[in-house]
Amino acid sequence: MSQASEYVRSGYRHIVDIDLAGFFDEVNHDRLLWQLRQRIGDPVVIALIGKFLRSGLLQGGLTCQRTKGTPQGSPLSPLLSNIVLDELDKELERRGLRFVRYADDLIIFTSSLKAAERVESSIANFLGNRLKLKVNAAESGIRRPTELNFLGHGLLGNGDLILSRESYQRLQYRLKSKTQRNRGISLARMIDEINVLMRGWLQYFRHAKMKMKLVKLLSWLRRRLRCFRLKQGKRIIGVARLLKGLGVPKWRSWLLALSSKGWYTKSGSPPNQEAMNLSWFND
């Protein structure tokens, strides 16, 4: 991502985004073994890798012979996949192109739209004719930095890393599922689950500029937690006791408890926000 930022800062703001269709399922066995033979002289090792590639595939309860692709989840698959795409790296370097690749995610940086269109066409032909790999035309295309979604990141015109729209929406969806009001767990357990999720997520995206998005997200998340806690009061008297116990005057507690509005609407009301304020979350 640091290298991608540097290319954009240098003025290469037309990005060819290449998406390989089912890459791990499309690797050509014969070509991969031929590549390995160029470097490995031991026929026993080559034969062993060949057996690994042709290992049975369970489909519908039946074992089928694998004719292409590498077994997903195997520790050897990422290494073999990088060997397959090493030829692509060398071709891009030979052409003098500026690119970043992580596994099967590839982006190429150009200085003009015309150059990007030319590169997109020629690289798609190279992948199909030389490496026998398919390009997913629906997901590939020419992007501007702010339209990019590479490893969950986007880029600003000055090269700064940002959070992509897709990553933000995916996180929001995961948090929404964890804060469903009908989950039969305690609030403490729910917060523990959220903390585990957010800790890993923030570590991954730690270099992205996303302060305003996080402020918006935390405001939305706090409201969902307020809603969950309020609904735990269940009946009218339970809600009134909950709010009163959190310092809301008795008459205001009953006013909200007797409201016929939905739980989410009530969670955003002044009495509920007064009861479950920032100090309440910190405690």
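Trainee: In which loop is leucine 151 found?
Mentor: This is a predicted model. Two strands, β6 and β7 (153-155), bracket the residue. Leucine 151 sits in the loop between β6 and β7.

Trainee: What is the phi of leucine 151?
Mentor: Most residues other than glycine have a negative phi. Leucine 151 is not a glycine, yet its phi is positive. The value is near 55°.

Trainee: What is the relative accessible area of leucine 151?
Mentor: Buried means under 20%, and exposed means over 50%. Leucine 151 falls in between, so it counts as partly exposed. Its relative accessible area is 24%.

Trainee: Which other residue has a positive phi, of about 60°, although it is not a glycine?
Mentor: Look at the loop between α6 and β6 (141-143). The residue there is partly exposed, with a relative accessible area of 46%. It is lysine 132.

Trainee: Which residues does leucine 127 touch, not counting those up to four places away in sequence?
Mentor: Leucine 127 is one of the 27 residues in the largest nonpolar core. Lysine 132 is among its contacts. The full set is Ile18, Leu20, Leu88, Lys132, Leu133 and Val135.

Trainee: Which residues of the largest nonpolar core touch the most other members?
Mentor: The core has 27 residues. At least two of them come from each of β1 (14-19), α3, α4 (43-53), α5 (77-94), β5 (105-110) and α6 (113-129). Those that touch the most other members are Leu88, Leu92, Ile108, Ile123, Leu127 and Leu133.

Trainee: How many residues are in the other core?
Mentor: That core lies apart from the largest one. Among its members are Phe205, Met210, Leu217 and Phe228. It has 18 residues.

Trainee: Why are the buried residues of α4 on the same side of the helix?
Mentor: The buried residues are Ile46, Ile49, Gly50 and Leu53. An α-helix has 3.6 residues a turn, so residues three or four places apart point the same way. The buried residues of α4 share one side because they cover an arc of only 105° around the axis.

Trainee: Which residues are exposed on the other side of α4?
Mentor: Start from the buried residues, which pack against α3 and α5. The exposed ones lie on the other side of α4. They are Val44, Leu48 and Lys51.

Trainee: Which helix gives the largest share of the lining of the largest cavity?
Mentor: The structure holds 1 cavity of 30 Å³ or more. The largest cavity contains about 40 Å³ of space. Its lining is Val27, Asn28, Arg31, Leu32, Gln35, Val84, Leu131 and Leu133. The largest share, 3 residues, comes from helix α3 (residues 29-37).

Trainee: How many nonpolar residues line the largest pocket?
Mentor: This pocket has a volume of about 330 Å³. Of its 13 lining residues, Ile194, Asn195, Leu218, Leu221 and Arg222 lie nearest the centre. Helices α8 (187-204), α9 (211-231) and α14 (278-282) each supply at least two lining residues. The lining has 2 polar residues, 1 charged and, as asked, nonpolar residues numbering 10.

Trainee: How many charged residues line the second largest pocket?
Mentor: About 280 Å³ of space lies in this pocket. Its lining has 14 residues, with Asp17, Asp19, Glu139, Arg143 and Asn149 nearest the centre. The lining divides into 4 nonpolar residues, 2 polar and, for the charged, 8.

Trainee: Which element supplies the largest share of the lining of the second largest pocket?
Mentor: Three elements, β1, β5 and α7 (165-178), each supply at least two lining residues. The largest share is 3 residues. It comes from β1.

Trainee: Is serine 164 buried or exposed?
Mentor: Serine 164 sits in the loop between β8 (161-163) and α7. Its contacts beyond four places in sequence are Leu148, Asn149, Gly152, His153, Gly154 and Lys213. Its relative accessibility is 2%, so serine 164 counts as buried.

Trainee: How far apart in space are serine 164 and glutamate 147?
Mentor: In sequence the two are 17 residues apart. The distance in space runs from C-alpha to C-alpha. It is 8.0 Å.

Note on methods. Residues are numbered from 1 along each chain as its sequence is written. This is a predicted model: local features need pLDDT of at least 70, side-chain atom pairs count only at pLDDT 80 or more; totals for chains, interfaces and linings use all residues. Side-chain values use heavy atoms; hydrogens and water are left out. On a 1 Å grid over the protein atoms alone, a cavity is a set of points where a 1.4 Å probe fits but cannot get out, and a pocket is an open set with protein on both sides within 12 Å along at least five of seven lines; lining residues have an atom within 4 Å of a point. Grid points are joined across faces, edges and corners, and a volume is the space filled by probe spheres set on the points. Helices (H or I, at least four residues) and strands (E, at least two) are DSSP runs, numbered from the N terminus. A nonpolar core is a set of buried Ala, Val, Leu, Ile, Met, Phe, Trp, Tyr and Cys residues joined through side-chain atoms within 4.5 Å. Buried means under 20% relative accessible area, exposed over 50%, partly exposed in between (1.4 Å probe, protein chains only). Contact means heavy atoms within 4.5 Å. The arc is that of the directions from the helix axis to the C-beta atoms. Ala, Val, Leu, Ile, Met, Phe, Trp, Tyr, Cys and Pro count as nonpolar, Asp, Glu, Lys and Arg as charged, and the others, Gly among them, as polar.
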